[in-house]
Amino acid sequence: MPKFVGLMTFPRDTSSAEPAGDGIERYFAWQDELRASGKLIAAAGLDPESRVVRAGAITDGPFTEASEIVAGYLVVEAADLDEAAKLFETHPIAVDGVGMFVVSEIALDLDTPREEHLRRFGLS
């Protein structure tokens, strides 16, 4: 089954990256439900301190040009992008409007053969 990553983002000026009220309990319930269904593959919160690595330079992050920060990610299994988006639509962060998710299919991973990487980039 295809895998999708949901990048949890918040506006840079958000003072708290947690849902309001009982939001953290709703978050754990959401996570437990998806885990029990076998659809939640991974989840991680990211520390706000980061580095940006680009050609010849390592600078403090996060991205200085961005108006939003990436605070974490979750990986789910779903039949397609629409089903994955529906799963993230019920996450308390999205429901409460505190932040949002950018959802994308994981097209390549560590187990993808080299030939497939080359084919996707038009190099084979």
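Pro 92 sits in helix α3 (residues 92–96); helices here are DSSP runs of H or I with at least four residues, strands are E runs of at least two, and both are numbered from the N terminus. Pro 92 is buried, at a relative accessible area of 3%, where buried means under 20%, exposed over 50% and partly exposed in between (1.4 Å probe, protein chains only). From C-alpha to C-alpha, Pro 92 is 8.0 Å from Ile 24, although 68 residues separate the two in sequence.

A word on the source: this is a predicted model, where local features need pLDDT of at least 70 and side-chain atom pairs count only at pLDDT 80 or more, while totals for chains, interfaces and linings use all residues. Residues are numbered from 1 along each chain as its sequence is written, and side-chain values use heavy atoms, leaving out hydrogens and water.

Now for the strands, which pair if DSSP finds at least two bridges between them.

| Strand pair | Bridges and direction | Example partners |
|---|---|---|
| β1 (residues 3–11) and β5 (residues 68–77) | Nine, antiparallel | Gly 6 and Leu 74 |
| β1 and β6 (residues 100–105) | Six, antiparallel | Leu 7 and Val 102 |

Leu 74 turns up again in the largest nonpolar core, which has 18 residues; Leu 74, Val 76, Phe 88 and Phe 101 have the most contacts inside it. The elements giving two or more residues to this core are β1, α1 (23–37), β5, α2 (81–89) and β6. Such a core is a set of buried Ala, Val, Leu, Ile, Met, Phe, Trp, Tyr and Cys residues joined through side-chain atoms within 4.5 Å.

Leaving aside residues up to four places away in sequence, Val 76 touches several residues, including Phe 4, Leu 34, Ile 41 and Phe 88; contact means heavy atoms within 4.5 Å.
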